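Me: Could you take a close look at one part of this model for me? I'd like to know what sits around one strand in the middle of the story, and how the pieces next to it fit together.

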Amino acid sequence: MDNSLNLHQRVALIAGPMTTTVSSIVMTLTRLGADCVILDPDKTVASPFINQINDAREISDKYGRAMAIQTELKTPDQIREAVGKAATTFGGLDIYIDANMIQKPSPIRMDGGIDLVDEMLDRHLKLPLMLTQAVIGYLKSRKKGRIIYVLNDSPVAKIKEDVMGHGVRSGLVDFASALAKQTSEFNVTVNTLTVALTEEYILAHDPESKSIKEAMEKMKAIDPSLKITEADKISQTVAFLVSPAGATMNGQKFSLS
């Protein structure tokens with residue numbers, strides 16, 4: 001194993017539903033030795049996936065373990081309890097990855113309805129800030145922490161459909177840049193990673209398509225240059241940023257197209 005990517009004895013907390021992207025991140029990090037805890041507000045993490053990770057650990061102790069905590073994450077008490085449980089399960093926390101991306105279209109409503117604004121702010125901006133607050137003490141104590149916020153970055157063909165989501169989630173970019181300055185003395189890095197077209201994003205924007213191939217054909221009719229950001233490319237980038245090799249990357253916005 002490349003020692004610069006060795007995550008043995010590191011514990012990663014990953015917030016977000018079990019998308020193809022999140023499952024790839026968990027798979028990659030555990031293969032590099034990290035133990036992973038998934039905070040699952042939508043109860044989408046399947047037991048067979050967790051069992052698959054832990055079965056691999058039984059074969060080789062070079063691999064990390066995995067567990068999922070199913071919780072609503074709506075109140076401060078729920079958040080503190082979930083983070084505390086994650087920390088005690090594997091003996092601490094070293095990495096926090098917020099993958100609670102907005103997948104569905106979020107155009108601004110032209111009828112004046114404002115009922116969905118609070119929901120979006122709570123889930124995609126307030127929750128990451130509260131989780132960060134709950135996690136930061138664990139990272140500070142180990143003096144080698146990593147924080148990554150993953151965001152969708154809509155291509156031109158779809159940006160108008162994501163205007164509200166972009167407005168909410170992009171607030172994490174400036175937050176990460178400012179937080180990075182505060183945490184650098186404790187060797188805690190904070191970065192954002194934007195991704196363009198993932199499979200889950202494309203299908204959420206075109207639920208009428210029966211397959212990812214059909215959905216992509218429609219999108220390429222509008223913009224022939226569009227391509228999928230593959231899950232393994234995302235997870236490899238995340239792995240680099242949270243590894244010892246990524247120690248000098250701090251307060252930055254990285255983009256994958």
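Reply: Here's a walk around strand 4, its partners and the loops at its ends.

A word on the ground rules. This is a predicted model, with residues numbered from 1 along each chain as its sequence is written. Local features need pLDDT of at least 70 and side-chain atom pairs count only at pLDDT 80 or more, while totals for chains, interfaces and linings use all residues, and side-chain values use heavy atoms, with hydrogens and water left out.

Let's start with the strand itself. Helices (H or I, at least four residues) and strands (E, at least two) are DSSP runs, numbered from the N terminus. Strand 4 covers 95–98. Ile95 and Ile97 point one way, Tyr96 and Asp98 point the other way, and all are buried. Buried here means under 20% relative accessible area, exposed means over 50%, and partly exposed is in between (1.4 Å probe, protein chains only). In general, side chains in a regular strand alternate between the two faces of the sheet.

Now the neighbours. Two strands count as paired if DSSP finds at least two bridges between them. Strand 4 runs parallel to strand 1 (residues 11–15), with four bridges joining them, and Tyr96 stands opposite Leu13. Strand 4 also pairs with strand 5 (residues 146–152) in the parallel sense, over four bridges; there, Ile97 has Ile148 as its bridge partner. Strand 4, helix 4 and strand 5 make a right-handed β-α-β unit. Right-handed means that, with the strands pointing away from the viewer, the path from the first strand over the helix to the second runs clockwise.

Coming into strand 4, you pass Leu93, in the loop between helix 3 and strand 4. Leu93 counts as buried because its relative accessible area is 0%. Leaving aside neighbours within four places in sequence, Leu93 is in contact (heavy atoms within 4.5 Å) with Val11, Leu13, Val83, Ala86, Ala87, Val135, Tyr138, Leu139 and Arg142. Take Val11 from that list: Leu93 and Val11 are 82 residues apart in sequence, yet 5.0 Å apart in space, C-alpha to C-alpha.

Leaving strand 4, you reach Gln103 in the loop that leads to helix 4 (115–142). Gln103 is also buried, since its relative accessible area is 15%. Not counting residues up to four places away in sequence, Gln103 touches Thr19, Asn152, Thr198, Glu200, Tyr201, Ala204 and His205.

Arg169, in helix 5 (residues 163–169), belongs in this picture too. With a relative accessible area of 4%, Arg169 is buried. Beyond residues up to four places away in sequence, Arg169 touches Asp98, Ala99, Asn100, Met101, Ile102, His124, Pro128, Val150 and Leu151.

Two of those contacts, Ile102 and His124, turn up again at the largest pocket: they are among the residues nearest its centre, along with Glu119, Met120 and Arg123. For the record, on a 1 Å grid over the protein atoms alone, a pocket is an open set of points where a 1.4 Å probe fits, with protein on both sides within 12 Å along at least five of seven lines; lining residues have an atom within 4 Å of a point. The largest pocket holds about 1,000 Å³ of space, a volume being the space filled by probe spheres set on the points, which are joined across faces, edges and corners. Its lining has 37 residues, and helix 4 gives the largest share, 10 residues. By type, the lining divides into 19 nonpolar, nine polar and nine charged residues. Here Ala, Val, Leu, Ile, Met, Phe, Trp, Tyr, Cys and Pro count as nonpolar, Asp, Glu, Lys and Arg as charged, and the others, Gly among them, as polar.

Last stop: the loop between helix 4 and strand 5, home to Lys143 and Gly145. Lys143 is partly exposed, at a relative accessible area of 49%, and has a positive phi near 55 degrees despite being a residue other than glycine. Gly145, by contrast, is buried, at 1%. Apart from neighbours within four places in sequence, Gly145 is in contact with Asp94, Leu139, Asn187, Val188 and Thr189. Asn187 is likewise not a glycine, and has a positive phi of about 60 degrees.
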